[in-house]
Amino acid sequence: MMNTLNIRETCALGFMAFALFLGAGNIIFPPFIGLQAGSHVWTAAAGFLVTGVGLPVLSVIGLAKAGGEMGNIISPVGKIAGNMLIVACYLFIGPLFASPRTATVSYELGIAAFTGTAGNAQYYYSFVYFVIAALVALFPGRLLESVGQILAPLKILSLVVLGVAVMLLPAVPLQPPVAGYVAAPLSSGIVNGYLTMDTLAGLAFGMVVVNAVRARGMESQAHITHYTIKAGIIAGVGLVLVYLSLFMLGMKSTYLAPDATNGADVLRAFVQHHFGGRGTLLLGVLITLSCLVTAIGLTCSCAGYFSILTPFGYRPLVMFFAILSFIISCAGLDTLIRVSVPVLIAVYPPFIMLIVISFVRHRLSQPVRVIAPATAVAFLCGMFDGLGAAGLERFVPAVYISLPLHGQQMAWLLPAGIMLLLSFSVSRISRTAQATS
């Protein structure tokens, strides 16, 4: 039984967490924000960092404190609702959205420059991509060595090269902001941070990190929590540095990608301009490795969870999720982003509520009575925000539309906060009445 990890092992653990987090969404959303936010870029960046870095790190730390089990964080909402939230989390960060997106992004950044975006090349690429992801995911016990010590350094190298290129590119005049960044850059950045899906992924990746610590012979819960928190902090610092360089990349690409429809277009234009054909191929390979690391981690997490929930074994589920991810990836990047936006806006509020309250749950005498009502309100409000984002605002109650921050898909904060305060007050009154009776 071990009580400590050396510096090299701790750093490898942190690099693994960083590599798992930094997938497709993390690479494509910041450049597009930098391009669209213009003179409001740093306000939008601040909002993005809250939900793109702050909440994911909190989710890893919260999971570690909860013993490495997502169910311990979700349990206050009840068994049925809790299981539904966990299943939704794994499906969204796995085969439905995040995992297919890693393949489409890596294709558009690395291969599309040579084959174009039309034809069947993307399908062949995605097939090979998920075959490799599945083969690595079949051996989860070797994840720390394969990801933390081999693939993560390659990912970091590619990002360092990209960051240096960004710094060398001459500054350009900041353009006026467009879209939602004109009137509400902060909240637009916050909502775009949702789209990385890292807060949800943190609950799954936190389990991967906890298991990696245990695989090194660590059995004490206190030590497991300690090193998981360190890994989360290392990953958070790395994400901030990467995001800052990618925001700058978008700012400096105004004239390189004026007609870009997503961040992949911005990155491809920048890399083609700065590195030429050979450089684009090299960076495309490295970005592919970056996305592949995330796909492997997602496949491991999903197969691990559903092997417990269902009668199917881990390895058959790895193959099933890899096949499903391949099929969905064939829809293309723009379609995946368009479909995922309203869904993620809908499911994020209850998860944010549960993660944040998990840090004070031990201080609550009746946690279920306090947490469950507030989470239910957050979920209902999230559904309203999701309907609005999908263009179905006619189904949203007028009173909800009149709430503050509704236009920024953040109106849930007020009703959920009020319900949290009310349920806490009722719990205290009930406890006082029982003590005096």
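A residue counts as buried when its relative accessible area is under 20%, as exposed when it is over 50%, and as partly exposed in between. Keep that in mind as you click around, and remember that this is a predicted model.

**Stop 1: a patch on the surface**

Start by selecting Val131, which sits in helix α8, residues 121–137. Its relative accessibility is 35%, so Val131 falls into the partly exposed class. Now add Phe127, Val128, Ile132 and Leu135 to your selection: together with Val131 they make a nonpolar surface patch of about 440 Å².

**Stop 2: helix α1**

Next, pick residues 7–21, which form helix α1. From first C-alpha to last, its 15 residues reach 21 Å, close to the 21 Å expected at 1.5 Å a residue. Is this helix largely enclosed or largely open? Largely enclosed by the rest of the structure, because eleven of the 15 residues of α1 are buried. Colour a few of the buried ones if you like, including Leu13, Met16, Phe18 and Phe21.

**Stop 3: helix α6**

Move on to residues 98–110, helix α6. This one is mostly covered, with 13 of its 13 residues buried. Its end C-alpha atoms are 18 Å apart, and that agrees with the 18 Å that 13 residues should span at 1.5 Å a residue.

**Stop 4: Gly34 in helix α2**

Now go to Gly34, which has its place in helix α2. With just 2% relative accessibility, Gly34 is under the cut-off and so counts as buried. Try drawing a line from its C-alpha to that of Ala44: the two residues are ten apart in sequence and 8.5 Å apart in space.

**Stop 5: the largest pocket**

Which residues lie nearest the centre of the largest pocket? Select Gln36, Tyr181, Asn192, Leu195 and Val341 to find out; they belong to a lining of 23 residues. The volume of this pocket is about 550 Å³. Show the helices α2 (24–37), α10 (185–195) and α15 (333–358) too, since each supplies at least two residues of the lining.

**Stop 6: the largest cavity**

Now for the enclosed spaces. How many cavities of 30 Å³ or more are there? The count comes to four. The largest cavity has a volume of about 90 Å³. To get to its centre, select Ala98, Thr196, Asp198, Thr294 and Leu298, which lie nearest to it among the 17 lining residues. Helices α1 and α6 from your earlier stops are back here: along with α2, α11 (198–215) and α13 (263–309), they each supply at least two residues of the lining.

**Stop 7: Met197**

Click on Met197, in the loop between α10 and α11. Look at its backbone: phi is near 65°, a positive value in a residue other than glycine. Most residues other than glycine have a negative phi. Met197 also counts as buried, because its relative accessibility is 1%.

**Stop 8: a salt bridge**

Finish in helix α13 with Asp265 and Arg268, which are three residues apart, about one turn of the helix. Residues three or four places apart in an α-helix point the same way, because there are 3.6 residues a turn. The side chains of Asp265 and Arg268 meet in a salt bridge, with 2.9 Å from N to O. The structure holds one salt bridge, and both of its partners, Asp265 and Arg268, are buried.

How values were computed: Residues numbered from 1 in each chain as written. Predicted model: local features only at pLDDT ≥ 70, side-chain atom pairs only at ≥ 80, totals over all residues. Heavy atoms only, no water. Patch = residues over 30% accessible without salt bridge, like charges linked within 9 Å, V, L, I, M, F, W, Y side chains within 5 Å. Areas by Shrake-Rupley, 256 points an atom, 1.4 Å probe, with all protein chains shown as cover. Salt bridge = Lys/Arg side-chain N within 4 Å of Asp/Glu carboxyl O. Helix = DSSP H or I, 4+ residues; strand = E, 2+ residues; numbered from the N terminus. Buried < 20%, exposed > 50% of the residue type's maximum accessible area, 1.4 Å probe, protein only. Expected span 1.5 Å × (residues − 1). 1 Å grid on protein atoms, 1.4 Å probe; cavity = no way out; pocket = protein on both sides within 12 Å on 5 of 7 lines; lining within 4 Å. Points joined across faces, edges and corners; volume = space filled by probe spheres on them.
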